[in-house]
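Reader: I am new to this structure. Please take one part, the pocket, and go through it closely, then go on to what surrounds it.

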Amino acid sequence: MDFQTGHLYHIYNQSNNKNNIFFNRDNYLFFLKKIATNILPFCDILAWCLMPNHFHLMVLVNSLEAKFAYYTPGATSNSKCDSTTPGATRSRTRSEKTRTDTLQKSLGIMLAS
């Protein structure tokens, strides 16, 4: 789908063979978190409906791209200790990076989970 900013869209999807995709409350809550993570950076959600075998979202697109921060684990030596010092420990650091995702990609990630 070719999204445009400032436009309303009805996003919906149904399971294969009309099988349930939501089996209990936790499934609905998990999906709502996925919506918050993957759709809210791009859109205002005006209406939504989750049913056992499908969902509907009415969204207003605000942005086609968004930057996301993520962390990559890394191990670095503590500057006061080295690996040859008895009892030396290594400190772990995480480096922060950013990535830019599109609404289409983010929606695809949500639907694939």
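Author: S1, H1 and H2 each supply at least two residues of the lining of the largest pocket. The names are those of DSSP runs numbered from the N terminus: helices are H or I runs of at least four residues, and strands are E runs of at least two. The model is a predicted one, so a local feature is reported from a pLDDT of at least 70 and a side-chain atom pair from a pLDDT of 80 or more, while totals for chains, interfaces and linings take in all residues. Residue numbers start from 1 along each chain as its sequence is written, and side-chain values rest on heavy atoms, with hydrogens and water left out.

The pocket comes first. Rolling a probe the size of a water molecule over the atoms shows where empty space is left. Here the search uses a 1 Å grid over the protein atoms alone: a pocket is an open set of points with protein on both sides within 12 Å along at least five of seven lines, and a lining residue has an atom within 4 Å of a point. The largest pocket holds about 230 Å³ of space, a volume taken as the space filled by probe spheres set on the points, which are joined across faces, edges and corners. Its lining consists of Asn13, Gln14, Ser15, Ile21, Phe22, Asn27, Phe30, Phe31, Phe55, Met110, Leu111 and Ser113. H1 contributes the most to this lining, with three residues.

Met110 leads from the pocket to the core. It is a lining residue of the largest pocket, and with Ile11 and Ile39 it ranks among the residues with the most contacts inside the largest nonpolar core, a set of 18 residues. Such a core is made of buried Ala, Val, Leu, Ile, Met, Phe, Trp, Tyr and Cys residues joined through side-chain atoms within 4.5 Å. Buried stands for under 20% relative accessible area, exposed for over 50%, and partly exposed for the range in between, with a 1.4 Å probe and protein chains only. Two or more residues of the core come from each of strand S1 (8–14), helix H1 (25–38), strand S2 (43–51), strand S3 (54–61) and helix H2 (103–112). With four residues, S3 gives the most.

Which residues does Met110 touch, not counting those up to four places away in sequence? They are Phe31, Lys34, Ile35, Asn38, Ile39, Phe55 and Leu57, where contact means heavy atoms within 4.5 Å. Two of these, Phe31 and Phe55, are also in the pocket lining.

Met110 is one of the buried residues of H2, along with Leu103, Ser106 and Leu107. Seen down the axis of H2, the buried residues fall within an arc of 100°, so they line one face of the helix; the arc is taken over the directions from the helix axis to the C-beta atoms.

Next is the loop between S1 and H1, where Asn17 and Lys18 are placed. Most residues other than glycine have a negative phi. Asn17 is not a glycine, yet its phi is positive, about 55°. Lys18, also a residue other than glycine, has a positive phi near 60°. Asn17 is exposed at 71% relative accessible area, and Lys18 is exposed at 60%.

On S1 itself sits His10, partly exposed at 42% relative accessibility. Leaving out residues up to four places away in sequence, His10 touches His56 and Leu57. Its C-alpha is 6.6 Å from that of Val59, although the two are 49 residues apart in sequence.

Before S1 comes the segment that holds Gln4, which is partly exposed at 40%. Beyond its neighbours within four places, Gln4 is in contact with Tyr9, Val61 and Leu64. The C-alpha atoms of Gln4 and Leu64 are 7.2 Å apart, with their positions 60 residues apart along the chain.

As for the whole protein, two helices and five strands follow one another in the pattern β-α-β-β-β-β-α. Of its 113 residues, 23% are buried. Among contacts with a separation of 6 or more, residues 24 or more positions apart account for 63%. The protein exposes about 8,000 Å², of which carbon and sulfur atoms supply 52%, with areas from the Shrake-Rupley method and a 1.4 Å probe; for residues, only the protein chains shown count as cover.

Terms used:
On a 1 Å grid over the protein atoms alone, a cavity is a set of points where a 1.4 Å probe fits but cannot get out, and a pocket is an open set with protein on both sides within 12 Å along at least five of seven lines; lining residues have an atom within 4 Å of a point.
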